[in-house]
Structure formats: C-alpha cells, structure tokens
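I open this notebook to record what I looked up in the structure. The entries are kept short and follow the order of my queries.

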Number of protein chains: 2
Amino acid sequence: MLYILRVCVGNAFVSFIGSEDRTPKKRFSEVQKERREQAQRTVLIHCPNKISEKKFLKYLSQHGPVNSHFFYESFGLYAVVEFSQKESVVSLQNVTRTPSLGTEAAIPFRSRYFNLKLKTPLNQTSEQSSIQCRNQSSPSSKKLFELLCCAESVDDQLNTLLREFQLTEENSKLRYLTCSLIEDVAAAYFPGCTVRPFGSSVNSFGKLGCDLDMFLDLDEIENFSTHKASGNFLMEFQVKNVPSERIATQKILSVIGECLDHFGPGCVGVQKILNARCPLVRFSHQASGFQCDLTTNNRIALKSSELLYIYGALDSRVRALVFSIRCWARAHSLTSSIPGAWITNFSLTVMVIFFLQRRSPPILPTLDYLKTLADRELQPFALLHISVPSPEVALSSCLLSLPGERPHDHGREDTPSPKACLVNATFSVGKRPEIGGGSQCSVTVRHAEDKCIIEGHNCTFVRDFNRIKPSGNAETLELLLKEFFEYFGNFAFNKNSINIRQGREQNKPESSPLHIQNPFETSLNVSKNVSQSQLQKFIDLARESAWILHQEDRDRLSPSNNQPWGLAALLLPSVANSTSLAKKKKKPASERIKNLLESIKSSSTENSTAANG
Amino acid sequence: MLYILRVCVGNAFVSFIGSEDRTPKKRFSEVQKERREQAQRTVLIHCPNKISEKKFLKYLSQHGPVNSHFFYESFGLYAVVEFSQKESVVSLQNVTRTPSLGTEAAIPFRSRYFNLKLKTPLNQTSEQSSIQCRNQSSPSSKKLFELLCCAESVDDQLNTLLREFQLTEENSKLRYLTCSLIEDVAAAYFPGCTVRPFGSSVNSFGKLGCDLDMFLDLDEIENFSTHKASGNFLMEFQVKNVPSERIATQKILSVIGECLDHFGPGCVGVQKILNARCPLVRFSHQASGFQCDLTTNNRIALKSSELLYIYGALDSRVRALVFSIRCWARAHSLTSSIPGAWITNFSLTVMVIFFLQRRSPPILPTLDYLKTLADRELQPFALLHISVPSPEVALSSCLLSLPGERPHDHGREDTPSPKACLVNATFSVGKRPEIGGGSQCSVTVRHAEDKCIIEGHNCTFVRDFNRIKPSGNAETLELLLKEFFEYFGNFAFNKNSINIRQGREQNKPESSPLHIQNPFETSLNVSKNVSQSQLQKFIDLARESAWILHQEDRDRLSPSNNQPWGLAALLLPSVANSTSLAKKKKKPASERIKNLLESIKSSSTENSTAANG
C-alpha cells in the first residue's frame with residue numbers, strides 16, 4: 001500500500017518533494033560526512049619522479065573505477081587517488097607487499113599510504129613525464145605583492161588574497177585523507193572511532209599551509225552495538241577502568257602517540273603533550289606536509305568551527321575581510337606560529353565578526369539570534385512517496401530521511417542527546433487518489449536537531465543557512481577594511497569586552513588587556529594570553545593602516561602603478577612597526593598617527609572613544 | 001575426468017587411502033594449528049557467581065552452536081565457551097556494550113573477553129547454582145602426599161604425579177585462548193600476525209600453574225599479499241624503517257606493551273624488559289591467572305618445544321619421570337621461580353632425556369638420529385581419488401593434501417623456506433579401469449618439510465612419530481628413577497658435558513660447573529647460570545635419594561602404610577637439605593651418604609666415576 005507522508009509544522013502544511021529543492025549550500029555536518037566518506041575511499045601513493053599518468057591510472061583502475069586523482073610535490077611526487085568504492089582500496093592492499101630492506105629492518109604496517117616502484121626505470125624518450133602538480137602552499141610574499149598590485153580595486157585585492165590563500169579542493173581532500181589515515185591507526189584499537197578535523201582546516205578560514213587540528217571521537221563507538229535485550233543477561237566488554245575521563249584521554253593519546261611514532265608511516269617528530277589542559281599528540285605528517293595536533297573529544301572546538309563556517313558562508317565579504325586582516329597581522333608579526341602573548345587568528349576572526357555585527361545595518365547576525373532561530377520549530381525536509389506497510393513504518397521512514405541523521409538515533413530512549421525528536425505524530429490515513437491512490441498520513445515533527453549542550457555549555461545555533469536572512473548592508477570591502485582599522489584603532493579595550501554572542505561591547509569582567517568572550521564557554525577570554533604591549537602594537541598598526549588607506553583616498557586620482565597600493569601598502573613594514581624596533585621613537589610616532597587620525601576622522605562610527613590602554 | 005594420484009617414494013609405490021590409516025599421534029604443528037583455530041572461536045566470560053548454566057548456554061547459543069564450554073574459578077567465576085563458528089563471536093560482540101561507569105572512566109575496547117551481568121539477581125530458591133568448576137592448579141603438597149601414599153607402586157606414584165600435575169585439556173584451551181586474546185591486540189596493528197605459545201605450555205612437560213610463554217610471529221604477514229605482477233609497477237606499503245631487527249623488535253614490543261598496559265582487558269603488572277638478550281614484555285593475565293612472557297620471533301624456542309614434545313610422546317615413561325624429577329627438584333629448592341643460580345626445568349628435562357638415551361637399550365633416540373631420519377625421503381600421505389581436469393591440477397591437489405601445509409607455500413618461488421618441495425614429478429597417465437575408469441598419474445615427491453634452518457642453526461629433526469621405532473627397553477619407572485639418581489649422583493660434571501644431540505658425554509668446552517649443550521645452538525650451555533654450590537646440592541640430593549630408594553628396596557617386605565614411601569619419601573625435607581641450612585654439618589652428611597651409596601652400589605651403570613665437583 002502506498003502511504004503518502006504529509007509532514008506538517010504547526011498547523012500549516014508544507015510539502016517538499018525530495019531534497020532537490022533545498023539550497024545548494026551544504027550544512028557543516030553534511031560536508032564533514034561527505035568528505036570523510038570520500039577520504040575512506042582514497043589512498044596516498046608516493047610515486048617515482050618519472051611516471052606515465054596514463055599507465056598509472058590504468059594500473060590502479062584494475063582495482064576499480066577511480067573517481068578523481070591529483071598529484072602534488074612534497075618530499076617527492078605524491079598522488080592522491082579517490083576510488084569509487086572502498087573495496088578497491090582493499091583490493092589494492094591485497095596486492096601490496098611490505099618492502100624487504102637490505103641492512104635495515106621494516107616495521108610491517110598495512111595502511112592506505114603506499115610506495116609505488118618501477119621494476120625498470122621509465123624510458124625517458126618514449127614516455128615524457130608531464131605530471132601536473134597541484135600546489136599545496138600559499139603564494140610567496142613576492143608573488144602576493146605582484147598579484148595585489150595588478151588588481152583593479154581594493155575589493156579585488158581582498159578577493160584575490162582570499163582566492164590565493166584559501167584551502168583548495170585538493171588541499172581539503174588531503175587534510176581529510178590525513179585524518180582518515182590517522183583514524184585507521186586509532187581504529188585498530190577503537191573500531192568505530194572517528195578522527196575529525198576541526199579548526200582552520202574546516203571552518204573555511206584556513207589558509208594553505210595551516211596546521212591540521214584533529215580529534216579522536218570515541219562517542220560513536222557505542223552505536224556499534226545493538227544492545228539486544230535478551231532475558232536476564234546483559235553482556236559487556238571487559239575493559240580497563242581509570243579514575244577519570246582525563247586519565248582515560250591521556251592513556252589513549254599516549255598509546256596512539258606511541259603507535260604513530262613507531263609504526264605510523266610518514267609520521268615524524270611525535271610529541272606527547274599530555275599534561276596540557278587539553279592533552280594532545282603533536283606530529284608532522286611528512287607526506288602531506290601537515291603539522292598535526294591530535295586531541296580527544298573536542299566537541300566545543302568543532303562547534304566553534306561550525307559557527308565560523310556559518311559566519312563565513314553567510315556573506316561573501318566575511319572571509320575576504322578575515323583573510324586580509326589575518327594576512328596583515330601576520331605581515332606585522334601581530335600573530336605568530338609559536339604560542340605566546342600574540343593575538344591568535346581565532347581572536348582576529350572573532351574581532352572581524354564582531355565588527356561586522358556592529359555595522360549598520362549589520363552584515364552578520366549575533367550568536368544569540370542564531371540560537372533564537374534554532375529554538376523555533378523547523379520545517380521538515382521531505383514529503384515521502386513511499387510504499388510502506390503501515391503508518392508507523394511511514395513515520396520511521398520520515399525520521400530516517402532527515403538529513404545528516406542516522407536511523408538509530410531516533411526513538412531510542414537510551415540515546416543521551418537525540419538530535420531530532422518527534423514531539424507529536426498524528427496520522428490521518430485516507431485515500432489520496434490524485435497521487436496514485438495511496439493513503440495519506442500527517443506527522444507533526446518538531447525538528448530540534450540544532451539543540452546542542454556540550455559539557456553544560458549551550459552551543460545551540462541554527463545550522464540551516466536557508467533560515468538566516470541575507471544582510472541588507474551593501475558596503476564595499478574597501479570601506480569595511482578601512483572602517484575595521486578605525487574601529488579597533490579607537491576601541492575602548494581598557495573598558496570593554498568583545499562579545500559576538502550579543503553583538504555589542506560588554507564591560508570587561510577581568511583585567512586582561514584584551515578581552516574577547518569565548519562564544520560558548522562564556523566565562524572564558526579567548527585572548528587572555530595577549531599582553532598590553534602586543535595589544536598596543538595592534539592598536540598602533542590599526543591606526544596607521546587606517547591612515548594609509550585614508551591618504552590613498554585623497555591621492556586616488558594619481559595612482560602610480562609601480563608603487564604598492566591599497567592592501568599591498570598595508571602589508572609593507574610599517575612606520576609604527578619599525579619604530580617599535582627602535583623603541584625610543586615609539587611614542588612620538590604613535591602620537592603622530594593618532595593625531596593624524598583624529599584630524600582626518602570627523603563623522604566616526606559609534607563608540608569612538610580613544611583607547612590608550 | 002577422474003585422475004588417480006599414485007604417489008611414489010623412490011621406486012617403491014606406496015598407497016594410502018585417505019588419512020584415516022595414520023597413527024592417532026598428532027604432529028606438533030597440527031596440534032598447534034588446531035588449538036589456535038579452536039581458540040579463535042572461543043570467548044572468555046566473567047560470570048556472576050550465581051548463574052543458571054542452562055540459561056547461560058541458551059543465551060549464548062542464540063549466536064550459534066556451542067562446541068564446548070567449561071567454568072573455572074579465578075578472581076570470580078569464569079566461563080570458556082567455544083563456538084562452532086567464528087561468526088558467533090562477532091555476533092556476540094555485536095550485542096555487547098561498553099560499560100558505563102559512575103565516577104570512573106572506561107577505556108573502550110572490543111575484545112573476546114566479556115563481563116556478563118544479570119539484570120536482576122537470580123532467585124536463589126528456584127535456580128540453584130550448581131556450576132561445576134574445572135580446577136586450574138596443581139594439587140597442594142598435602143593432597144599430593146596423600147595420593148602418593150595411597151598408590152600401589154612407585155610406578156603408580158610417578159604416573160599419579162604426572163596425572164595430577166600435567167596440563168588438563170581445559171588448561172591447555174585456556175592457554176591457547178589467552179594467546180589468541182593477545183594476538184587480537186597485536187593483530188590490530190599487524191593483521192595476519194600469530195601469537196604462538198611455546199615452552200612448557202606446549203612441550204607436554206608443563207605443569208598446572210606454569211608460566212605462559214608466547215611469541216609474536218610476524219613471518220606470515222607477508223603471505224597476506226598475492227604479489228600480483230602488474231606491468232612495470234610494484235606496490236609497497238609505506239613503512240617505518242629502523243637500523244636493525246633488534247630495534248624493530250624492541251619498538252614492536254614496546255607499543256604492544258603499552259597497549260596491553262593501557263587497553264588490554266585483564267592485563268596487569270605489565271613490564272617491558274626490552275634490553276634483555278631476547279626483549280620481552282611480561283604481564284599477568286588476571287582472568288586466566290597466567291603469568292605471561294611475550295617475545296617476538298622465537299622460532300628456536302618453538303623448535304625446542306617441538307623436540308621435547310616428540311621426546312615426551314615417544315615413550316610413556318619420559319613424561320612421568322621428568323615430572324617426578326622436576327617435582328623432586330622443586331621440593332628441595334633446586335629450582336626456583338625467580339632467575340638465579342638454580343637449575344632450570346629445561347635443564348632437568350634435558351638431563352632426563354640424556355639419561356634415557358644412555359640406557360641399554362636406549363629408551364630415547366639421539367637428536368642426531370632424529371635428524372638423520374628427517375634427511376631421508378619421506379612417505380607421502382595420501383593417495384587421492386579426485387576428479388581433476390589435468391595432471392597438473394592433480395599434482396597441486398596432492399601437494400595441498402600434505403598435512404599442516406598451506407596451499408600458497410607450494411610452488412611459489414618467492415617463499416623463502418618452502419616446507420615441502422617437489423623434487424621430481426613424473427606423470428604416467430593411463431586408464432585404470434579397476435577403480436572407476438579414471439586415469440593414473442604418478443608423482444615422485446621428496447617430502448622435505450622437516451628441513452629447518454633457523455638463524456644459521458640446523459634445527460632439522462623428524463616430525464612424524466610413525467617413523468621412529470619404539471624402544472625395546474622395558475625397564476620400570478621405579479628402576480629408572482633410582483638409576484637416574486645414581487647416574488647423576490656419580491656423573492663426572494667436572495669433566496663432562498651433557499649432550500642429547502649425540503647422546504653421550506662430551507668433554508666440557510668451558511669451565512661452567514654444569515655444562516648441558518643447547519640442542520640447536522650447540523655452542524651455548526643451557527645451564528651456564530648454575531653455580532658450583534647449586535650443582536653440589538643437586539649431587540648430594542641425588543645421592544641421598546638413590547640411597548633412600550635402595551633402603552626401601554631392602555625393607556620392602558614391611559611397608560608401614562602410615563609412613564611416606566617411594567617418591568613421597570623423596571619429597572620430604574632431606575638430611576642433606578637440612579644440614580645445608582646448618583652449614584657446619586654439611587660435609588660429614590654428604591660424605592656419609594657418599595660412603596653409603598658406594599657401599600650399596602656394586603654393579604653400576606657405565607661411567608660411574610664419583611664426582612666431587
């Protein structure tokens with residue numbers, strides 16, 4: 001019998017046929033899931049320098065169709081090959097041998113990282129190697145300057161910088177593949193575990209060459225078991241117990257660190273940093289060139305990544321502005337790759353988001369607003385035309401069809417935090433001759449999958465882009481860049497805290513020079529590490545940059561093509577910067593710029609109280 | 001078409017129909033293989049103290065038929081359950097959950113070691129727990145004395161001791177299961193690896209409660225791959241290289257030690273002893289109660305185990321005598337569970353074997369003789385009546401049918417040491433109407449599977465019991481026991497080395513007090529550790545025991561049933577032993593016994609030169 005599922009929200013019927021009607025913007029969780037699945041079908045092959053691409057592909061396709069592939073250069077030539085099916089990987093592994101070495105000994109390990117050898121070297125005349133390699137690193141400063149100087153406008157400059165620095169499709173694949181290879185190592189002991197990338201690799205703000213943060217997610221291991229109730233018996237695995245989750249984490253990371261160090265192909269420089277607040281294993285994955293940090297359950301960090309991903313996707317100006325500000329900060333040593341009193345990229349990104357929330361009209365919504373949207377009842381996704389034996393099955397099919405959800409998450413009372421819950425199901429079964437004579441049932445679904453509480457912190461926000469209205473603000477990137485520098489050049493850092501949850505300054509709850517509220521763990525300051533002198537340097541440079549852009553506005557009619565201009569000019573060693581080296585001159589230079597700024601600026605944005613720390 | 005395979009040795013045709021005609025004594029390799037396969041289908045379950053056996057079995061048989069099971073007590077009640085099929089284990093695992101603990105944290109790990117809980121405690125009145133537990137330990141001294149005193153003769157005493165101390169079927173299963181559980185841990189990283197028990201657990205000389213020695217065998221990993229030749233390409237796994245095999249061993253053991261320590265359910269007290277000559281990981285497997293030593297590739301030790309297994313199986317008196325001598329040595333603290341200057345059980349066993357080789361006629365053959373047998377052409381095992389398309393297939397089927405061999409070991413040129421090799425194959429295909437009109441082909445097979453060279457040492461000996469003639473010697477155990485003490489009470493330890501390879505004394509090549517040649521690594525002395533004083537203690541005790549047995553012979557007509565007699569008398573604290581505590585009296589006592597012995601003995605066996613070390 002054909003049941004028609006008509007899913008209603010409140011009292012208003014809404015019909016979707018399939019999921020084709022949805023907007024092309026993918027949810028974060030969908031992207032993660034797709035990429036991960038893709039990575040599991042993918043292998044990494046170290047190739048000889050001279051190789052015929054055609055023969056290489058022919059050789060591999062013996063094991064099944066190849067979906068995509070690309071080459072890149074690291075320490076040698078590497079290929080990333082994505083098969084259509086997982087089985088192809090197994091087939092390839094089955095014809096692969098462990099190398100026999102002369103004087104050295106090999107530690108046998110079957111992974112998806114291979115070493116291809118040629119039995120006889122390639123005949124160079126007949127088969128010209130013309131492998132096209134995909135670049136995996138960001139452009140040099142020289143190249144960047146050339147590109148920026150050739151741009152048509154400051155807006156074009158910011159978009160160019162974004163295009164050149166953002167992660168490419170290939171680099172993203174390589175990141176997910178690397179996580180997947182590490183997952184294989186961890187899955188040896190924890191079948192069903194997931195190694196998830198987070199941070200800049202996935203939040204859409206990462207630049208080529210950035211570190212690869214990943215965490216070992218053991219939460220889903222439990223879903224492996226079906227928990228069949230069987231009379232009076234309950235079977236459990238015999239396991240080791242330790243006094244706390246932290247000790248469990250440390251032990252797990254310690255052993256995985258040992259494995260990576262001793263067996264992990266291409267994993268070098270393994271450091272176990274287990275006594276940190278968030279214990280981690282740091283290592284370098286040689287073949288991909290990534291510096292990796294592996295932690296365990298870091299769900300809040302993943303949630304932060306998702307939030308940035310959403311902010312980055314809401315308006316095309318966000319990422320362009322963030323990349324440029326980060327690049328500017330790096331050029332002036334405001335950020336650093338080593339830990340210390342420097343501002344972090346995350347802090348800078350939050351500052352940009354905050355700035356965009358403060359525009360009028362705002363370019364980005366506040367986090368509280370995104371949370372409010374999540375709390376409302378959501379529209380369900382699909383009207384199903386399926387042949388099912390009963391309304392009950394129809395209902396469960398409906399739940400199954402919710403994107404990003406796994407069947408067993410629903411209706412199970414032992415699932416601690418179901419991502420979607422059914423509030424009210426009413427069935428009205430009746431003939432619907434107009435669509436094939438099937439019967440009809442209606443189901444009211446309260447779509448609460450956005451609700452998310454992690455370790456007591458409310459991390460709920462809407463995850464569906466379709467439900468966030470685009471901004472009515474049409475300001476140019478050029479204006480936003482200039483205003484950003486002016487805004488923070490005059491921000492009352494001594495009194496106020498930056499808070500993207502409410503989108504307005506708050507009184508600082510503590511005396512750190514720079515206070516940026518952690519969006520989820522709201523009692524924390526994400527920039528607690530920043531020293532007064534680093535903050536002052538940031539302020540000075542922001543003011544100088546605002547001044548430079550203002551000066552250019554004046555001279556706009558006579559641009560000399562040989563001179564760096566716009567964004568390029570901001571990346572040059574600054575007056576403030578060079579004077580900060582010769583510290584004695586610092587104060588006057590800073591004063592000079594401040595005075596200049598004040599003389600220039602008349603109709604400023606709100607809260608333009610001068611900040612002198 | 002039906003080909004008849006007639007397999008010839010030299011020119012003489014020998015026909016075997018099937019393998020039913022073979023003697024029931026199983027080869028060592030067959031036992032190992034069967035036990036291992038059995039262990040892989042077996043699970044270990046920690047049970048509640050009160051449990052209904054019937055319901056327990058019914059619950060488990062949901063996952064497939066149960067071949068056998070038994071219960072035992074360790075720290076709680078345990079069940080060892082052998083399923084008929086491996087799939088049943090997977091099925092059981094799939095309904096098993098990781099425990100959720102209150103304040104503690106669990107390190108999730110899916111093994112074959114389970115913890116069964118009852119949802120509600122068993123109703124004690126309706127279901128009386130009447131679980132029969134299998135004993136896993138040797139009898140107490142008191143119990144042993146009772147049993148020995150009740151025996152009918154000294155021969156009966158020795159056989160009783162053997163029966164009480166030898167590993168039971170259940171204990172053997174538990175040992176193989178424990179290895180199999182450790183193999184699962186190792187196989188997480190080394191798929192295709194094997195953890196093999198060796199030493200007393202498998203050489204048929206182990207007593208209940210003895211340590212469980214095992215080694216990680218990575219040699220067969222290579223057989224996983226089919227090495228498909230494919231054009232010019234050769235695919236290898238990317239692996240870590242280290243400067244030597246020893247370092248590879250240390251790294252592998254180190255990581256496995258970490259895993260056992262942190263994840264291994266029931267593995268406690270893990271010690272990594274990596275700088276030893278043979279690096280090892282020592283741990284206690286709580287549930288089975290075994291003290292385990294894990295090494296890597298220890299093939300010579302396994303070969304030694306096989307040699308002892310063969311010696312133990314050749315004559316029923318061997319094991320009875322060895323068990324009694326070992327028990328006697330332990331009772332007098334000649335052996336110890338801690339390393340030191342004590343004689344080892346292995347040394348004692350070799351001494352018994354040597355003694356039995358020296359009898360006239362010999363009870364056991366020399367190792368050199370066993371090697372000579374192996375070097376001869378062997379009889380193949382089966383005449384196959386199979387329907388095959390060609391003589392070539394018939395031949396390969398013939399090779400496949402060789403017991404204990406895996407198909408891919410044959411005919412592959414890249415196998416480093418094929419266990420059986422075909423020297424000469426001749427086919428004479430013709431009609432053989434008398435057995436169904438099939439055709440006939442003859443194959444000459446040189447059955448060289450016994451050949452075994454390990455690390456340059458020739459460890460070849462015949463592995464087929466059928467080819468060793470039983471001894472014509474019919475001496476009683478009582479006589480052999482007495483003669484053993486006399487023989488070694490008078491052995492010229494100062495001059496001579498014990499050598500079971502040649503079965504006769506050799507001049508000592510070095511000055512260690514006790515010299516027993518390692519059977520395979522012939523330049524080594526297996527008793528290098530034994531001090532002069534320990535050797536002297538052994539000699540004194542042997543003399544005293546010989547004297548006690550001689551005394552009993554005299555008093556045989558008036559045995560007082562309340563007094564320990566025969567073997568039981570030998571296990572009592574000795575005069576020599578007690579005087580060794582009061583050292584001043586030692587010499588006279590020793591002298592006294594020596595004089596007594598000499599006065600008693602007249603027609604001694606050969607080489608009865610008195611030894612005073």
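The entries below concern a predicted model and go from the whole chain to single residues.

**Entry 1. Chain A as a whole.** I first retrieved the secondary structure of chain A, which comprises 17 helices and 22 strands. I then checked burial: 42% of the 613 residues of chain A count as buried. For the contacts in chain A with a separation of 6 or more, I found that 66% are between residues 24 or more positions apart.

**Entry 2. The annotated span.** I consulted the UniProt record, an unreviewed entry, in which the annotation "domain: RL" covers residues 28–96 of chain A. In the model this span is 43% helix and 33% strand. I noted 36 Å between the C-alpha atoms at its two ends.

**Entry 3. The nonpolar core.** Which residues touch the most other members of the largest nonpolar core? I obtained A:Ala186, A:Leu321, A:Val352, A:Phe484, B:Leu321, B:Val352 and B:Phe484, in a core of 267 residues. I followed up A:Ala186 and, leaving aside neighbours within four places in sequence, found it in contact with A:Cys193, A:Val195, A:Leu216 and A:Ile256. As general background I note that nonpolar side chains tend to be buried together in soluble globular proteins.

**Entry 4. The interface.** I next listed the contacts between the chains: 66 residues of chain A are in contact with 67 residues of chain B. On the side of chain A, the elements that give two or more residues are helix H3 (86–94), strands S6 (105–107), S7 (113–118), S10 (233–237) and S11 (240–242), and helix H7 (245–262). The largest share, ten residues, comes from H7(A). By residue class, I recorded 34 nonpolar, 20 polar and twelve charged residues on this side.

**Entry 5. Strands that pair across the chains.** I looked up S6(A) and found it joined by three bridges to strand S11 (residues 240–242) of chain B, in antiparallel fashion. Within this pair, A:Ile107 stands opposite B:Lys240. I also traced an open sheet of five strands with mixed pairing, in the order S4(A)-S5(A)-S3(A)-S7(A)-S10(B). Why is one side of S4(A) and of S10(B) left without a neighbour in the sheet? Both stand at the edges and each has a single partner strand, so one side of each has no neighbour there. Direction ignored, neighbouring strands of this sheet are turned by 25 degrees against each other on average.

**Entry 6. Two strand pairs within a chain.** I examined S4(A) further: eight bridges join it to strand S5 (residues 76–83) of chain A, and the two run antiparallel. In this pair A:Phe70 stands opposite A:Val80. In chain B I inspected strands S12 (residues 267–273) and S13 (residues 280–285), which are antiparallel and joined by five bridges. S12(B) and S13(B) form a hairpin, with six residues between them. The bridge partner of B:Ile273 in S13(B) is B:Leu280.

**Entry 7. A:Lys251.** Is A:Lys251 buried or exposed? I classed A:Lys251 as buried because it has 20 C-beta neighbours inside 10 Å, and the cut-off for a buried residue is 20 or more. A:Lys251 lies in helix H7 of chain A. Not counting residues up to four places away in sequence, A:Lys251 touches A:Val242, B:Ile107 and B:His262. Finally, I computed its C-alpha distance to A:Asn494 as 43 Å, for a separation of 243 residues in sequence.

Notes. Residues numbered from 1 in each chain as written. Chains lettered and ligands numbered in written order. Predicted model: local features only at pLDDT ≥ 70, side-chain atom pairs only at ≥ 80, totals over all residues. UniProt positions renumbered as here; feature names shortened; annotations may be inferred. Helix = DSSP H or I, 4+ residues; strand = E, 2+ residues; numbered from the N terminus. Core = buried A, V, L, I, M, F, W, Y, C linked by C-beta atoms within 7 Å. Buried ≥ 20, exposed ≤ 12 C-beta atoms within 10 Å, placed from the backbone. Contact = placed C-beta atoms within 7 Å. Pairing = 2+ DSSP bridges. Nonpolar A, V, L, I, M, F, W, Y, C, P; charged D, E, K, R; others polar. Axes fitted to C-alpha atoms, helices over the stretch in contact; angles between N-to-C directions.
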